[in-house]
Amino acid sequence: MRTAAFDMADEEETARFGGRLAALLREGDVVGLCGDLGAGKTHLAIAVARALGVPEGVPISSPTFTLINEYGGGRLPVYHMDLYRLAGPADLYALGPWEYYDGRGVCLVEWCDRFDDLWPEDALVLKLHLGEGTARRIEAAGRGRGGELVERLREPR
Ligand SMILES: Nc1ncnc2c1ncn2[C@@H]1O[C@H](COP(=O)(O)OP(=O)(O)O)[C@@H](O)[C@H]1O
Ligand SMILES: [Mg+2]
């Protein structure tokens with residue numbers, strides 16, 4: 001397991017972090033976003049999607065109720081999911097995220113820690129921690145491809 005922590009002073013810095021991550025992503029990558037309500041999971045997902053080239057004219061909204069939103073028009077298709085409202089594993093099976101995890105795009109999955117044992121092993125997980133005011137800490141962890149992304153994110157800019 002590779003891990004690293006990144007401190008964000010404000011939402012612009014979080015958006016730049018999303019831009020750096022987007023530049024590293026390729027087909028089939030899965031990125032989990034977890035952390036409390038308001039930590040910035042959706043903000044970061046939107047920054048990644050925009051940096052992948054989803055056009056500004058395409059509105060990106062939280063998938064809290066839709067569960068999965070798909071965005072084209074960028075370098076890779078983006079599948080933005082939210083597992084918060086799933087009551088149990090049966091709901092996850094009904095949603096069938098594996099088709100997307102193994103798909104041709106990039107998955108950005110909020111509340112990825114809802115079903116830890118049904119989470120892909122080689123995904124990148126970003127845990128966002130609320131700090132004072134606009135401060136946030138992002139803890140990155142991953143194995144395999146996820147670990148590779150952690151290492152790439154750690155590289156000096
Ligand atoms: N450093 C930061 N990174 C991300 N969001 C921040 C930061 N500072 C303040 N915010 C604000 O926190 C809120 C995060 O909301 P959101 O991304 O919807 O959270 P979540 O999806 O984790 O519930 C937004 O209103 C955003 O503007
Ligand atoms: Mg959210």
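# Exercises on a predicted model

**Exercise 1. Compare the expected span of helix α1 with the distance between its end C-alpha atoms, then find which of its residues are buried and which are exposed.**

Solution. Helix α1 covers residues 11–24, which is 14 residues. At 1.5 Å a residue the helix should span 20 Å, and its end C-alpha atoms are 20 Å apart, so the two values agree. The structure used here is a predicted model.

Next, take the burial of the residues. Thr14, Phe17, Gly18, Leu21 and Ala22 of α1 are buried. Seen down the helix axis, these buried residues fall within an arc of 140 degrees, so they line one face of α1. The general rule behind this is that an α-helix has 3.6 residues a turn, so residues three or four places apart point the same way. On the other side of α1, Glu12 and Ala23 are exposed.

Last, look for the cover. The elements over the buried residues of α1 include β1 (2–8), α2, β7 (136–142) and α5 (145–154).

**Exercise 2. Describe the burial of strand β5 and identify strands that pair with β5.**

Solution. Strand β5 runs over residues 106–110, and five of its five residues are buried. Sort them by direction: Val106, Leu108 and Glu110 point one way, while Cys107 and Val109 point the other way. In a regular strand the side chains alternate between the two faces of the sheet.

Now take the pairing. Strand β2 (residues 30–34) is parallel to β5 and joined to it by four bridges; within this pair, Val31 has Leu108 as its bridge partner. Strand β4 (residues 78–82) is also parallel to β5, with five bridges. Here the bridge partner of Met81 is Val109.

**Exercise 3. Is Pro63 buried or exposed, and which residues does it contact beyond its neighbours in sequence?**

Solution. Start with the location: Pro63 sits in the loop between α2 (41–51) and β3 (68–71). Then apply the cut-off, under which a residue with 20 or more other C-beta atoms within 10 Å is buried. Pro63 has 22 such atoms, so Pro63 is buried.

For the contacts, set aside the neighbours within four places in sequence; Pro63 then touches Ile68, Asn69, His80, Met81 and Asp82. As a final step, compare Pro63 with Val109 of the previous exercise: they are 46 residues apart along the chain, and 9.5 Å separates their C-alpha atoms.

**Exercise 4. Find the faces of strand β7 and the strands joined to β7.**

Solution. The covered face of β7 consists of Arg136, Ile138, Ala140 and Gly142, and the uncovered face of Arg137, Glu139 and Ala141. On pairing, β1 and β7 run antiparallel and are joined by seven bridges, with Ala4 partnered by Ala140. Strand β6 (residues 124–130) is antiparallel to β7 as well, over seven bridges, and Leu124 stands opposite Gly142.

The link between β6 and β7 comes next. These two strands form a hairpin with five residues between them, and Gly133 in the turn has a positive phi of about 60 degrees.

**Exercise 5. How many residues surround ligand 1, and which helix gives the most to this shell?**

Solution. The shell holds 15 residues, the closest being Thr14, Gly40, Lys41, Thr42 and Thr134. By element, α1 and α2 each supply at least two residues, and α2 gives the most, with three. By class, the shell has three nonpolar, seven polar and five charged residues.

Methods. Residues are numbered from 1 along each chain as its sequence is written. Chains are lettered from A and ligands numbered from 1 in the order in which they are written. This is a predicted model: local features need pLDDT of at least 70, side-chain atom pairs count only at pLDDT 80 or more; totals for chains, interfaces and linings use all residues. A residue is buried if 20 or more other C-beta atoms lie within 10 Å of its own, exposed if 12 or fewer, and partly exposed in between; C-beta atoms are placed from the backbone. Two residues are in contact if their C-beta atoms, placed from the backbone, lie within 7 Å. The expected span of a helix is 1.5 Å times one less than its number of residues. The arc is that of the directions from the helix axis to the C-beta atoms. Two strands pair if DSSP finds at least two bridges between them. A residue is near a molecule or strand if its C-beta atom, placed from the backbone, lies within 6 Å of it. Ala, Val, Leu, Ile, Met, Phe, Trp, Tyr, Cys and Pro count as nonpolar, Asp, Glu, Lys and Arg as charged, and the others, Gly among them, as polar.
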